[in-house]
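Visitor: I would like to go through this model with you. Please give me the reasons behind each label.

Guide: Gladly. Here it is.

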Amino acid sequence: MVGWVVDLGDDSRSGAGYLAPVERFNQATRMTNRLILDTDGGVDDAQALMMLVAGGRAPDAITTTFGNVGRAQATRNILDTLSVLNHGIPVHEGASRPLVQPVIDAAAIHGADGLGGAPRPAAAAAPASADAVEFLRACLAEAAAQGQAVDILAIGPLTNIALVLRADPACAAGIGQLTIMGGTVNGRGNVTPAAEFNIYADPEAAEIVFSAGLDIVLVPWETCAAHFVDGPAVDDLFAGMDETDVSRFARALADHARRVTAGYGHGDIFRFVDPLAAAVVIDPAIATEMLPAAVSVALAPGLTRGMTVVDPSGRLGPKTVRVLIKADLSQVAGLFGRSLR
Ligand SMILES: [Ca+2]
C-alpha cells in the first residue's frame with residue numbers, strides 16, 4: 001500500500017512557502033482534449049472556473065446541475081462568473097433533481113445565492129440551451145465517432161453524466177479523462193460522517209458513473225481539506241492588486257470561503273476544493289501522489305449512504321480510478337493566484 005493517510009489535523013498547517021511562482025507552466029505547447037466543465041455553481045465552482053480560464057484550459061462548454069444551489073441559480077452563477085471574466089463559453093442547463101432521492105442543497109456553505117453574496121454584473125447572459133444532457137449526449141457521441149475524446153471536469157453531483165450514460169452507454173467512448181471532485185478516500189465525509197456532498201446529493205448517479213469503466217481521476221474531500229493556505233497568504237495575493245470587477249468578485253468568494261471554514265472551527269484558512277480538481281486538469285503534473293483503485297458507492301439507506309468505497313486491492317473490479325492523495329500545493333496556490341485579477 002502506498003502512503004495515503006491524509007493528515008487533517010492542525011499539525012499539517014504551515015503558512016510558509018506555498019505561494020511560490022508557477023514555474024512549470026507550458027500549456028500553450030501541450031496538446032489537450034476539449035474540456036467540458038460540469039458544475040453546481042457554488043463558491044468554489046466559480047473559483048475553479050476562474051482558474052481554468054486563467055490557467056489556459058478554459059472549458060469549451062459548461063453544463064450545470066442542481067447541487068450547492070438549485071439548477072436555475074447554479075446556471076445563473078456560472079453565467080455571472082463568465083460575465084465578470086468577460087469570457088463567453090456556452091452554458092447548458094442540466095439536471096434539476098437526483099435520479100432517485102429528493103433534492104438537497106448546500107446553501108449553508110455557499111450562501112443563499114450560492115456565491116456568498118459576491119458582487120454580480122448588471123447584465124444577465126442567457127444559457128445556450130436548457131438541455132445539458134442532450135448536449136452532452138450529442139457531443140460525446142460525436143467525440144466517440146470521431147475518435148476525439150472530450151475530457152470532463154465534474155465538480156457537482158454526477159446526475160448529468162449518469163443520465164447520459166444511462167441513455168446512451170456508447171457515449172462512454174467519447175469521454176477521455178473524467179476528473180471528479182467528490183467522495184472520500186478514508187470514509188471521512190463533509191455532509192455526513194461517511195459521505196461527501198457531491199456523491200451524497202445523488203448516490204445512484206455516482207454509482208452509474210463509477211461503474212462505467214471510465215478513466216477517472218477522483219479528487220476526494222479529505223485531500224481537498226488537507227490542501228490549504230493560511231488566510232494571510234490569501235490577503236498577500238490581493239495586496240497591491242488593482243481593484244477590478246474580477247478582483248472584487250474573487251475577493252468576495254475567497255473571503256466567504258474563509259469565513260465558512262473558520263465558522264466550522266478550522267481557523268482562518270483557505271481550502272482548495274473544486275479549485276484543486278481544476279488545478280489537476282490544468283496541469284496533471286500537479287498531482288504528486290495518486291492511488292489506483294476501484295470505487296463503488298454505498299447506496300443502502302443509513303449511516304453509509306453516499307459513501308465512496310475505495311478499493312486499492314481491485315476486489316471491487318478493475319482499478320480504473322486514480323484517487324488524488326497529494327498535490328503540489330505551491331503550484332495549486334500559484335494557479336489560484338493567477339486567477340484573481
Ligand atoms: Ca461544486
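Visitor: How confident is the predictor in the protein chain, going by mean pLDDT?

Guide: This is a predicted model. The mean pLDDT of the protein chain is 91. Of its residues, 91% reach 70 or more.

Visitor: Where is the pLDDT below 50?

Guide: Over residues 1-30. Beyond near neighbours in sequence, that stretch still has 47 contacts in the model. Where pLDDT is low, the predicted coordinates should not be read in detail.

Visitor: What is the strand order of the open sheet?

Guide: Nine strands, in the order 3-2-1-4-5-6-11-9-10. The pairing is mixed.

Visitor: What makes strand 3 and strand 10 edge strands?

Guide: Each pairs on one side only. Strand 3 spans 91-92, and strand 10 spans 308-311.

Visitor: In which sense do strand 9 and strand 11 pair?

Guide: Antiparallel. A pair needs at least two bridges. Strand 9 (residues 287-297) and strand 11 (residues 321-327) pair over six bridges, so the criterion is met. M290 has L324 of strand 11 as its bridge partner.

Visitor: Which helix lies across strand 9 and strand 11?

Guide: Helix 7, residues 203-210. It runs at about 110° to strand 9. Angles of 65 to 115 degrees count as roughly perpendicular, so helix 7 is roughly perpendicular to strand 9.

Visitor: Why are helix 1 and helix 10 called oblique to each other?

Guide: Their axes cross at roughly 135°. Roughly antiparallel needs an angle over 145, and roughly perpendicular ends at 115. The crossing falls in neither range, so helix 1 and helix 10 are oblique. The axes of helix 1 (residues 43-54) and helix 10 (residues 245-263) come within 10 Å. Helix 1 passes helix 10 in a left-handed crossing.

Visitor: Which residues make that contact between helix 1 and helix 10?

Guide: From helix 1, V43, D44, A46, Q47 and M50. From helix 10, A250, L253, H256 and A257. By class, the contact of helix 1 with helix 10 has six nonpolar, two polar and one charged.

Visitor: What makes helix 1 oblique to helix 2?

Guide: They pack at an angle of about 40°, with their axes 10 Å apart. Roughly parallel needs an angle under 35, and roughly perpendicular starts at 65. Helix 1 is therefore oblique to helix 2. Their crossing is right-handed. A46, L49, M50 and V53 in helix 1 meet N77, I78, T81 and L85 in helix 2. The contact of helix 1 with helix 2 has six nonpolar, two polar and no charged residues.

Visitor: Why are helix 4 and helix 5 oblique to each other?

Guide: Helix 4 (residues 132-146) and helix 5 (residues 159-167) cross at roughly 55°. Again, roughly parallel means under 35, and roughly perpendicular starts at 65. Helix 4 and helix 5 are therefore oblique. Their axes come within 9 Å. The crossing of helix 4 and helix 5 is right-handed.

Visitor: What does helix 4 use to meet helix 5?

Guide: A132, V133, L136, R137 and L140. On helix 5, the partners are N160, L163, V164 and A167. The contact of helix 4 with helix 5 has seven nonpolar, one polar and one charged.

Note on methods
Residues numbered from 1 in each chain as written. Predicted model: local features only at pLDDT ≥ 70, side-chain atom pairs only at ≥ 80, totals over all residues. pLDDT = per-residue confidence, 0-100. Contact = placed C-beta atoms within 7 Å. Helix = DSSP H or I, 4+ residues; strand = E, 2+ residues; numbered from the N terminus. Axes fitted to C-alpha atoms, helices over the stretch in contact; angles between N-to-C directions. Left-handed = near helix turned anticlockwise from the far one by under 90°. Nonpolar A, V, L, I, M, F, W, Y, C, P; charged D, E, K, R; others polar.
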